[in-house]
Amino acid sequence: MQKRLSTIDATELALNDKLININRVAKVMMGGKRLSFSALAVTGDGNGHVGIGLGKANEVPQAINKANANARRNLIKVTLAGTTIPYKTTVKFGAAKVMLKPASPGTGIIAGGSIRAVLEAVGVKDILTKSLGSTNHINVAKATILALSRLRDPKEEVARRKGIPFKKPVEEEPPAPEAGDEE
């Protein structure tokens, strides 16, 4: 069983669920074939939180509900650099290999299938991707999640390695104009 990195409370986030794939599975029994369904779903808030879930049931709606519940349980926080990712990364999960590469603003999401769904859910707007090896929807989605979870803030990582305390820059809002200062 895979250990969760940290638990993120899904009730505090405005999450959007998206169905990636539904698969019909036939199990051969003595009296014939027994059909069941598996559903792969992704959920994210478009602001750095994303999770994927797999649900299995004898009927499609139940499988989708289970997949969405699992996705909300397996949320991760992703480090973003504006509308893209901080640096290029390549990750292998099973036989699926996924390459994610930052892109300049205005490029869009150059991705297909499971990778696109995960990146849209996390809130990435500009990225170049390539899916290598297996085309299995589940393994490609899990490889994408693994790649995103391994991303770190480069400045924070350098400070940690050097032993220097790192303080995130706080963006201050400009002061609101007072009631009597209108021109």
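Which residue in β2 is the bridge partner of D17? The legends below, which describe a predicted model, take up this pairing after an overview of the chain.

**Figure 1. Overview of the protein chain, with four helices and eight strands.** The model shown is predicted. Along the sequence, the secondary structure elements follow the pattern β-β-β-α-β-β-β-β-α-β-α-α. The protein chain contains 183 residues, of which 34% are buried. Among contacts with a separation of 6 or more, 55% are made by residues 24 or more positions apart. The exposed surface of the chain amounts to about 12000 Å², and 51% of this area is supplied by carbon and sulfur atoms.

**Figure 2. Close-up of the β1-β2 hairpin.** Strand β1 spans residues 16-29 and strand β2 spans residues 32-44. The two strands are paired in the antiparallel sense, with 13 bridges between them. Two residues form the connection from β1 to β2. Within this ladder, D17 has T43 of β2 as its bridge partner. In general, pairing between strands of a sheet is made through backbone hydrogen bonds, in either a parallel or an antiparallel arrangement.

**Figure 3. Close-up of the open four-stranded sheet, ordered β5-β6-β8-β7.** The pairing in this sheet is mixed. Strands β5 (89-93) and β7 (109-110) occupy the edges; each has a single partner strand, so one side of each lacks a neighbour in the sheet. Strand β6 (residues 96-102) runs antiparallel to strand β8 (residues 127-133), and seven bridges join the two. One of the paired positions is P102, whose bridge partner in β8 is I127. Helix α2 packs on the sheet and touches β6, β7 and β8, its direction making about 145 degrees with that of β8. Helix α3 (residues 137-149) also packs on the sheet, where it touches β5, β6 and β8; the angle between the directions of α3 and β5 is about 135 degrees.

**Figure 4. Close-up of the surroundings of T89 in strand β5.** Is this residue buried or exposed? T89 counts as buried because its relative accessibility is 13%, below the 20% cut-off for that class. Leaving aside residues up to four places away in sequence, T89 touches V98, M99, L100, A147 and L151. Of general relevance to this view, side chains in a regular strand alternate between the two faces of the sheet.

**Figure 5. Close-up of helix α2, a mostly covered element.** The helix comprises residues 113-122, and seven of its 10 residues are buried. The buried positions in α2 are S114, I115, A117, V118, L119, A121 and V122. After the helix comes G123, which has a positive phi, near 100 degrees.

**Figure 6. Close-up of the contact between helices α2 and α3.** The axes of α2 and α3 come within 8 Å and cross at roughly 40 degrees. The two helices are therefore oblique to each other. The crossing of α2 past α3 is right-handed. From α2, the residues S114, I115, V118, L119 and V122 take part in the contact. Their counterparts in α3 are H137, V140, A141, T144, I145 and L148. The α2 residues S114, I115, V118, L119 and V122 are among those buried in that helix.

Notes: Residues are numbered from 1 along each chain as its sequence is written. This is a predicted model: local features need pLDDT of at least 70, side-chain atom pairs count only at pLDDT 80 or more; totals for chains, interfaces and linings use all residues. Side-chain values use heavy atoms; hydrogens and water are left out. Buried means under 20% relative accessible area, exposed over 50%, partly exposed in between (1.4 Å probe, protein chains only). Two strands pair if DSSP finds at least two bridges between them. Contact means heavy atoms within 4.5 Å. Axes are lines fitted to C-alpha atoms, for helices over the stretch in contact, and angles run from 0 to 180 degrees between N-to-C directions. Accessible areas come from the Shrake-Rupley method with a 1.4 Å probe; for residues, only the protein chains shown count as cover. Angles under 35 degrees count as roughly parallel, over 145 as roughly antiparallel, 65 to 115 as roughly perpendicular and the rest as oblique. A crossing is left-handed if the near helix is turned anticlockwise from the far one by less than a right angle, and right-handed if clockwise.
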